[in-house]
Each structure stands twice: as structure tokens, then as C-alpha cells.
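Trainee: Could you take me through one part of this model slowly, up close? I would like to see how two helices from separate chains meet.

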Amino acid sequence: MTRMVLTGNHAAAYAVKLSRPDVISVYPITPQTSVIEKLSEFVENGELNARFIRVESEHSAMAAVLGAASVGARVYTATSSQGLLYMYEVCWWTAGARLPIVMGVVTRAIAPPWSIWTDHSDILTLRDSGWIILFASDVQEVFDLTIQAYKIAETVNLPVAVGWDAFVVSHAIEPLDILSQEEVDKFLPKKKVSEHMLKVEDPFSLGNLTYPEDYMEFRYDIWKAQKKALDVISNVDEEYGELSGRRYGGTVEKNMCDDADMVLFIIGAASGDAIEAATLLRRKGLKVGVCRIRSMRPFPSDEVIKIAENVKIIGTFDRDISLGCGGIIGVEIRAVTKERGLDVPVIEYIGGIGGRDLRVQDFVEIFNDMDKLSRKGVRFERRWIGLKEEFEKGEINV
Amino acid sequence: MSRVLKTIPYEEYLLRGNAACPGCGAELTLRYVLKALGPKTIMVIPACCTSVIAGPYPRTAFNVPVLHIAFAASAAAASGIAEAVEQLGKKDVNVVVWAGDGGTVDIGLQALSGAAERNHNLFYICYDNEAYMNTGIQKSGSTPYGAWTTTTPTGNKGFKKDLPTIMKAHGVPYIATLNPAFPNDILAKINKAKKIRGFKYFHALSPCPPGWRFDSSTTIEVARMAVLTGMWILYEWDRGIFRLTGPSRGLLNKEKRKHVIEYLKLQGRFRHISKEDIEILQEYVDNKWEEIKSLIGNK
């Protein structure tokens, strides 16, 4: 183990190097670029023995790693925002083909209007595709989760997207522990070539036309693999914890949740501000907690329910919006609580969209709002945080 | 004219019972191509007729591994396979894209251009049936002037995109045209290309009985007439050297070529064509041959 000081993007590059991929295929997009610049350095100075394909588009970036993975290679790609949307078709192909690809997604708002700043609408477009969606909150976790992602992907034969926030994490410089190559090799041995890899010695076809008599079973199999991934994510977190001393709690990271009356669900870097706010309010006697969701797919329904059963009110914080529906975490948590017959109030907060700054004070206000609504007996409310007042009142339109 | 096809291997890698239409020109070329490539071959096939020809799950008509891939992604997927097999230490594996004209000259062109520029060690073979045949005969960028399709009901107003020339501009080491009426030419070119490292591009005319509106027993006649009229030119660019091949070698002189009408009249898709349009096509063909003249012996 070595102590280093790196940006989130460089932490990802170090993690990829230590995971020993055979093929890397990438197309540049802000703010992902420093990931691939660092990786190209590693390849060209001989520190990493891999093929580095500088493709002409993200569609091709995903297709190239798909092709490489189909013959048994361990692969990596990374993208953001428009790039993810451009490769979207092939992302579905990757999941359907059951190829254990790892992709970094430096989350960035979607245009128009142009924005290079963080929100999570991009990575969450993968949520119906079969991809496993993991989300880190700081530089250390970008490193840890990237290595873990390979183990998870290769255990359940599904691709894994590891998200982290544009700039707030991607370009933030933090100290972190880097595992040694020996430690990573022990945790993540050389990739085994699974049964359904293409090989000339034993020809078979991947992705043949499939009639209605058989198609549904392929989808059901992915459904089962996603369910299995819930345990795999937790087990891998535990195994990695034995190696590194860092355990994150598997699919969710619970902060002060055990005795909480109010819990806020959130993903990504803003969780740090939420935890800070909760710590402040705890000192004032408000029993609040923060549950950071690390796995959006598979969705950690059981973990959500364990918390929901013991609180008076739930808050959800979405740095994303399913337009015409609601905050994605909010909608999903309401669905899960209803599914399990829990009648707990869920207040949905939407904020930080397009990189709008979030501060500890914002989360203090959110918790105070939850407290107020709980006392009033309000069951549901949707609030946009930090919206300019004149827009909220409808006095001005864009 | 009779010729003994003694150089063609007996082994079949495209199996009987595949789902090709009777008289499919693409299937004939594919069969010869695979015979030349042999068993150490991995195919990449985007959306196209061959997605269907391969037959439905759990069966496959291919006796070599196949990756079926999204329409625009074949050249990129093959790039990944080509790099991966070398990185994993697998020797002498032919990585082969087999794509239709829509998947090549239209939706797949960006990925093809990228893969060609990067010069991956792979074969890219476009079987050109000159329209989107699998979806029911819609015009593509490779549809010839004047041809009827379901989206050009009065005849195509544009001219066929010249993909081999676009590939030439990429500077790839080997480019060749193919035609199912000339199997020895197909085998010779594939066998030559197997010895060349880098990106190999092939463009194969693939007469399509339902799409071109001719009887399925006449595929070879149509394919051969395309060459004899000069509508299809058999040639190769071997590391910068241009060479005509097969019967095209004897057709430089316009007098030796049959009039394009001999090719057009075999096909229902040109049934409506006017005299003026026939002459426009003849002029187009003659101009192509003038370009060829300037290439002979050129580096």
C-alpha cells in the first residue's frame, strides 16, 4: 500500500492499470480526458501491457471493448454525458451479450444547453439496460470501486459502470491509499475465459436472431444476474475490505442511520455535505442519518426497506431528473416502499442539476424541512433545491 | 466457357440449410470467402441479410465463431477483436467483418473509416446488393443511378458511392472488388490478403433476385454481365499498386465492353428506365473506365 495524492480521474487510471486490462478503447470527452491521458502514458511508458485503441467515436469505443471482451480480453473504457448517450446502443448490446466490461462514467449534465458540470442524468440512463451502476463519492472510492468493478463484472457476467462526479471528484485532489500490484493480483486474478467467449477451436455465435420462444429467457437471465449481483457487491466489498481495511457497506453506505428518525437517500459526492449537515443537526438533538446508495443497479431494495421500517420520514436527494416523472431515486424509493407495503412519507428533493453548487447549509435546510413536514403529517412533497425564486413562482421563464 | 475450379477447397464453413434466399449472390461469395479463410476465422456481422442467413438461435449456419453486432458497430467491434486476439497471444486468427452496403457505405462508414485509418489487422468485406434488402429493398448510398427501390419508386436520382476509392484514400494495404461469377478471382484475392498484415477491404457485388427483380436461376448471368458491361470492375490495390483482374483486364477498350443495356435488361429494377437514363449510366460507366486507365501502373 502506498499513500498518494491524486485527482479522481488519475485514481481511476491507477486502479485500471493495477487491474491489468488487455484492451482499452476510448474517445475523449470533458471531463473524462485525464483518465485516458494517464492510461495512454501508462501504456506508452511500458507500465501497462495493454492495447490502447484511440477510436473515432464513443459508439466505437464501446463496440471495440465489446469485441475485445467477446474473445476473452479484460477491457476498460470511460466516458461522460453526450459520449455515453452516443454509445448508448452498444451499451445495451454489451449487457445483452453478457460481457464483463468496466466503464468509468464521469457524470456530467446533458446538453442543450451545453454544460460540462456534474449531474447524474447521464449514468442513470443506463438503469434499464442490464448494466450494474455503481457510484463513488470521493477519490479513494473511485480507486477502490474501479478495482472492485472488475471482480463484480466477471462474477456475474454483466458490464459495470462506475460513476463519479465531474470536477467535484474527477478533478479534486485528495490523498488516497493505492494498493500494490501484488495485492491487486491476489484480489483480482487473471481473467478466466468463460464458456461463451468466441474461440476458433469451438465455434459458436453470440447474438443470433432469437424468436419469441426464447428471447424472454435471455432477459430473465439478466434479471437473475442483477439479483445475484446484490450479494456479490457486498461480498466483494467485504473481501476488498480485508485487503485494504476499507469497507463501504456494500450496496449502501449508512451514516448515522441506525437510530435515525429521518434518513436522506443520496448518491455521489454531495453525500459528504449531507453527512456534515446531519452531524451538525445531531448535535442539536435531531436524529438524522444519510444513506448513500452505492449501487443504483441492482437497486438495493432490502437495504432501503431496513431503513424505511424504522424511520418517521424519508428524504431523497436527486442530482438528476426524469423529466415528466420525478427525481429518479425518489421515484424508485417510493416504488420500493409501496412494493413492501410500507406507508412511510417520502419527500423528494431535486438539486445540484447541471453542477449547481450544493453546500452543507442546503442539506441542513433539507433536514429541517423534513422535520417540519413530518410534524405536519405530510406524506409526499417534491421540492427543487436552489431554484431561482422567480422561476419557482412562474414569474419568469427561460 | 468452362473452367475447372480445382483450387477451391472442399471444406464448408457456411453450412447447408442456411436461410439465404434462393440465388443469393452474397451467400455464394460468403461461401467462397470462408473456404479461402479457413477455420481460424472470427466473423463480425452487423444488421444485414446475413443476420438472418445465419439462422435463428439456438442454431447457426456458420461453422466459425460469429459476433452479431449493432448496425454501425462492426468495424469497431472487429478492431477490438483484432487487438485482443493478438494481445492474448492467439496466432493467425482472421478477424473478418461481413457487412452489407447499408452497414458499410452509410451507417457503418464512420467506424469503418476509423478502423481503416488505425490499420488494424482485419478483413472488411462489404457485400453490396445495392439497397437495404433485409428490410425490404430501400435505397442505400450504394444504389445505382436509375434503379427502382421501395423508397425510390421512380428510380434513384443519385449515383452509387464509390467505397473502394474512399478506402484507397485511407491508404490501407489491400483493396479488392469481388463478384460471385468469378470464384477463382475471389479465392486468389482472399488468399493474397491473408499474407498481408493490416487492413484489407473488399467490395463484393451481390446480385439479389428479390431486390433486383430477376429469376433466382440467373444470378451468375447477372453477376457476369455486370463485369462484361463494365458496370462492375474487378481490380485490386495491392500496397499501392493498381491492377485489373479477371475479365476486366480485357475491357479497357470501350469496344470490348457490352452496352450497359445488356446488364440492365436482365433486371426488373431497371424496367422503367428511360433511354436518356440508360445513356447517363453508359456515360457514367465510360467515365469510370477513363479513371481506371489513368490508374494502370500508377503507384
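Mentor: Happy to! A helix axis here is a line fitted to C-alpha atoms over the stretch in contact, and angles are taken between N-to-C directions, from 0 to 180 degrees. Keep in mind that this is a predicted model. With that in hand, look at helix α3 of chain A, residues 58–70, and helix α3 of chain B, residues 74–87: their axes come within 6 Å and cross at roughly 40°. Angles under 35 degrees count as roughly parallel and those from 65 to 115 as roughly perpendicular, and α3(A) and α3(B) are therefore oblique to each other. Their crossing is right-handed.

Now zoom in on the residues that meet there. From α3(A) the contact includes S60(A), A63(A), A64(A), V65(A) and L66(A), along with G67(A), A68(A) and S70(A). Facing them in α3(B) are A76(B), A77(B), A78(B), S79(B), G80(B), I81(B), E83(B) and A84(B). Sorted by kind, the residues of this contact comprise 10 nonpolar, 5 polar and 1 charged.

For some context, chain A also holds an open sheet of 6 strands with mixed pairing, in the order β10-β12-β11-β14-β15-β16. Strands β10 (252–255) and β16 (380–384) of chain A each have a single partner strand, so one side of each lacks a neighbour in the sheet. From one strand to the next, the twist averages 20°. Inside the sheet, β14 (residues 313–318) and β15 (residues 346–350) of chain A run parallel and are joined by 5 bridges; D318(A), for example, has I350(A) as its bridge partner.

Note on methods
Residues numbered from 1 in each chain as written. Chains lettered and ligands numbered in written order. Predicted model: local features only at pLDDT ≥ 70, side-chain atom pairs only at ≥ 80, totals over all residues. Helix = DSSP H or I, 4+ residues; strand = E, 2+ residues; numbered from the N terminus. Parallel < 35°, antiparallel > 145°, perpendicular 65-115°, else oblique. Left-handed = near helix turned anticlockwise from the far one by under 90°. Contact = placed C-beta atoms within 7 Å. Nonpolar A, V, L, I, M, F, W, Y, C, P; charged D, E, K, R; others polar. Pairing = 2+ DSSP bridges.
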